[in-house]
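Trainee: I would like a close look at one part of this protein, taken slowly and set in its surroundings. Please pick the part that lets the rest be described around it.

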Amino acid sequence: MTGTTSRRLTASALACCLALSLGACAGGREYTVPKEACGVAISEKALDPFLVDGKKLQVLGEPLATGEGNCAIWVDDWLVVNLLLEKVDKLYDPMDESEEFRFKNRAKTADLPFDGLGAVGDFNAMVSAKCVAPDAKYVIVYVEVSLKSTSDVTRRRENIESFAVDVVPKVKKALGCTA
């Protein structure tokens, strides 16, 4: 083997080792995403934009179907999605002046696929929906997401809205809402 060939092989081997070691340090998602969280089915596709690299995903809090409560999805020590549920006797409009404090850059959610009203902000959403159940006429679902989710605010808002529109019907089903 010539000196040039030997140097090339050594350089190639070192490059491969460096690439492998950097890949091992890059992190990634070492956890699996559950099909259910907070007592409702969770779409991995809808949740994915908020998930961060880490080792362990945890769901903490009460299942939403138990009534009013709070449930959060964590990756390692980072809150990625927080869900809050309220049962109420009237339809609250997230675009009402009294709800403005909840949002940064609030905008109406148009064309909900269920009877209700919604709004989205830079890091959260609020959906007030009809729920004909023995102990609730309406439900409000609040969604708050991680500050680590994409820095593209337009895309983050679209992802929040998609997640909220996906999860609210599942919450209503878990609560036994007939409408």
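Mentor: What follows is an account of the sheet in this predicted model, beginning with one of its strands and ending with the helix that lies across it.

Some background on the whole chain comes first. The protein has three helices and nine strands, and along the sequence they come in the pattern α-β-β-α-β-β-β-β-β-β-β-α. Of its 179 residues, 39% count as buried. Among contacts between residues at least 6 apart in sequence, 51% join residues at least 24 apart.

Confidence is uneven. The average pLDDT is 81, and 84% of the residues score at least 70. Among the elements, helix H1 (residues 3-25) has the lowest mean pLDDT, 39, while E7 has the highest, 94. Over residues 4-25 the pLDDT stays under 50, and for that stretch the model has two contacts beyond four places in sequence. I leave H1 aside from here on.

Now the strand. E4 covers residues 69-75 and is mostly covered, with five of its seven residues buried. Strand E3 (residues 57-61) pairs with E4 in the antiparallel sense over five bridges. In that pairing Val59 stands opposite Ile73, and Leu60 stands opposite Ala72. Strand E5 (residues 78-88) also pairs with E4 in the antiparallel sense, here over seven bridges. Ala72 appears again in this second pairing, where Asn82 of E5 is its bridge partner. Ala72 of E4 therefore has Leu60 opposite it and Asn82 as its bridge partner in E5. In a regular strand the side chains alternate between the two faces of the sheet.

E4 and E5 form a hairpin with two residues between the strands, and in this hairpin Asp76 takes a positive phi near 50 degrees. Most residues other than glycine have a negative phi. Two further residues break that habit without being glycine: Cys38, with a positive phi of about 60 degrees, and Asn105, also at about 60 degrees. Cys38 sits in the loop between strand E1 (36-37) and strand E2 (40-41), and its 5% relative accessibility makes it buried. Asn105 belongs to the loop between E5 and strand E6 (107-109).

Stepping back, E4 is part of an open sheet of seven strands, ordered E3-E4-E5-E9-E8-E7-E6, with antiparallel pairing. E3 and E6 are at the edges; each has a single partner strand, so one side of each is left without a neighbour in the sheet. Neighbouring strands of this sheet are turned by 20 degrees against each other on average, direction ignored.

Further along the sheet, Asn124 is found in strand E8. Is Asn124 buried or exposed? Its relative accessible area is 11%, which is under the 20% cut-off, so Asn124 is buried. The side chain of Asn124 reaches the backbone oxygen of Arg102 at 2.8 Å. Leaving out residues up to four places away in sequence, Asn124 touches Arg102, Phe103, Ala119, Val143, Glu144 and Ile160.

Ile160 leads to helix H3, where it is one of the buried residues. H3 (residues 153-175) lies across E5, E6, E7 (116-120), E8 (124-133) and E9 (136-145), and runs at about 20 degrees to E8. Its 23 residues should span 33 Å at 1.5 Å a residue; the end C-alpha atoms are 32 Å apart, which agrees. Buried residues of H3 include Arg156, Phe163, Ala164, Val167, Val168, Val171 and Leu175. An α-helix has 3.6 residues a turn, so residues three or four places apart point the same way. Both ends of the helix have a local feature. At the start of H3, a side-chain oxygen of Asp152 comes to within 3.2 Å of the backbone nitrogen of Thr154. Just after H3, Gly176 takes a positive phi of about 85 degrees.

Technical notes:
Residues numbered from 1 in each chain as written. Predicted model: local features only at pLDDT ≥ 70, side-chain atom pairs only at ≥ 80, totals over all residues. Heavy atoms only, no water. Buried < 20%, exposed > 50% of the residue type's maximum accessible area, 1.4 Å probe, protein only. Helix = DSSP H or I, 4+ residues; strand = E, 2+ residues; numbered from the N terminus. Pairing = 2+ DSSP bridges. Axes fitted to C-alpha atoms, helices over the stretch in contact; angles between N-to-C directions. Contact = heavy atoms within 4.5 Å. Expected span 1.5 Å × (residues − 1). Polar contact = N/O pair within 3.5 Å; in protein donor to acceptor, adjacent residues only side chain to side chain. pLDDT = per-residue confidence, 0-100.
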